[in-house]
Amino acid sequence: MSGGKRREMDGGQGTIGKKMGIKVQQAQPQKPALPLSAHFVKEVSMYLVFGILTTLINLATYSVLVMLGVHYGIATSVAFVLAVFFAYETNKRFVFDSVKATKSEEGRQIAAFFSSRIATFGMETAGLVFLIEVVGAGEQLSKYVMTAVVVVMNYVLSKHFVFKK
């Protein structure tokens, strides 16, 4: 089929539209709202896997200590320290692929990681006090609520502040 015949059959975009002075726009393909690269999907998946493991370490430590009669403030502090050590190593190695960082870059990462975790620890502790002492929520429920908030904050801080490339 010749080019002229094809134009006539496709609605005349090349000829009729011009003759009538009508500008015909072709539909543009839709861009995805969030471009998901394989790297991004892998990063988020690995963050979720190790985040779940970190959270389990945090929650298990907290729960055992509270059951043993340890005050929730001390229990959450111990749980925090253990979880942060685990989280730093797994985030560095498996989530954000920062094992090849120079010594000075690794020093910055460690400082930034612990600083960001201390900030979210403060937020978690304040949230626990508020939920338990002011709202009257149970210790376990309060811990779960604050853990969800902290997980999101930790990803954002790790991605954009600690392991930025």
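The legends below accompany several close-up views of a predicted model.

**View 1. The whole chain is built from six helices and zero strands.**
Read from the N terminus on, the elements run α-α-α-α-α-α. Of the 165 residues in the protein chain, 32% count as buried. The accessible surface comes to about 10,600 Å², and carbon and sulfur atoms own 69% of that area. Among contacts with a separation of 6 or more, 67% join residues that sit 24 or more positions apart. The following views look at parts of this chain one by one.

**View 2. Helix 3 and helix 6 cross at roughly 145°.**
Here the axes of helix 3 and helix 6 (residues 139-162) come within 10 Å. The crossing of this pair is right-handed. On the helix 3 side, the contact is made by F40, E43, V44, Y47, T55, N58, L59, Y62, S63 and V66. Helix 6 brings E139, Q140, K143, Y144, T147, V151, N154, Y155 and K159 to the contact. It is worth keeping K143 in mind, as K143 returns in a salt bridge with E124.

**View 3. The buried residues of helix 6 pack against helix 3, helix 4 and helix 5.**
To find these buried residues in the close-up, look for S142, K143, M146, T147, V150, N154, Y155, S158 and V162. Several names carry over from the previous view: K143, T147, N154 and Y155 are among the helix 6 residues that make the contact with helix 3. M146 and V150, for their part, are among the residues in contact with E124, and the place of E124 is in helix 5.

**View 4. E124 and K143 form a salt bridge, with the closest N and O atoms 2.6 Å apart.**
E124 belongs to helix 5 (residues 103-135) and K143 to helix 6, so this pair ties together parts that are 19 residues apart in sequence. Are the two partners buried or exposed? Both E124 and K143 are buried. For E124 the relative accessible area is 3%, and this residue counts as buried because the cut-off is under 20%. Leaving aside neighbours within four places in sequence, E124 is in contact with T76, K143, M146, T147 and V150. Of these, K143, M146, T147 and V150 appear again among the buried residues of helix 6.

**View 5. E89, K92, R93 and E106 are linked in a network of salt bridges.**
Six salt bridges are counted in the model, and this close-up shows two that involve E89. In one of them, the side chains of K92 and E89 meet at 3.6 Å, N to O. K92 and E89 are three residues apart in helix 4 (residues 72-95), so about one helical turn separates them. In the other, E89 pairs with R93, and the closest N and O atoms are 2.9 Å apart. E89 and R93 are four residues apart in helix 4, so about one helical turn lies between them too. How do the members of these two pairs sit relative to the surface? K92 counts as buried at 6% relative accessibility. E89, at 30%, counts as partly exposed, and R93 counts as partly exposed at 42%.

**View 6. K92 of helix 4 is shown with its surroundings.**
Which residues does K92 touch, not counting those up to four places away in sequence? The answer is D97, S98, V99, E106 and F163. One of these, E106, is also a member of the salt-bridge network with E89, K92 and R93. In the same region, K92 and Q109 are 17 residues apart in sequence and 8.8 Å apart in space, C-alpha to C-alpha. With a relative accessibility of 6%, K92 counts as buried.

**View 7. A nonpolar surface patch of about 450 Å² is made by L48, V49, I52, L53 and L56.**
To place this patch on the chain, start from L56, which is found in helix 3 (residues 38-67). Helix 3 is also the partner of helix 6 in the right-handed crossing. The residues that helix 3 brings to that crossing include Y47 and T55, whereas the patch is made by L48, V49, I52, L53 and L56.

Note on methods. Residues numbered from 1 in each chain as written. Predicted model: local features only at pLDDT ≥ 70, side-chain atom pairs only at ≥ 80, totals over all residues. Heavy atoms only, no water. Patch = residues over 30% accessible without salt bridge, like charges linked within 9 Å, V, L, I, M, F, W, Y side chains within 5 Å. Areas by Shrake-Rupley, 256 points an atom, 1.4 Å probe, with all protein chains shown as cover. Salt bridge = Lys/Arg side-chain N within 4 Å of Asp/Glu carboxyl O. Helix = DSSP H or I, 4+ residues; strand = E, 2+ residues; numbered from the N terminus. Buried < 20%, exposed > 50% of the residue type's maximum accessible area, 1.4 Å probe, protein only. Contact = heavy atoms within 4.5 Å. Axes fitted to C-alpha atoms, helices over the stretch in contact; angles between N-to-C directions. Left-handed = near helix turned anticlockwise from the far one by under 90°.
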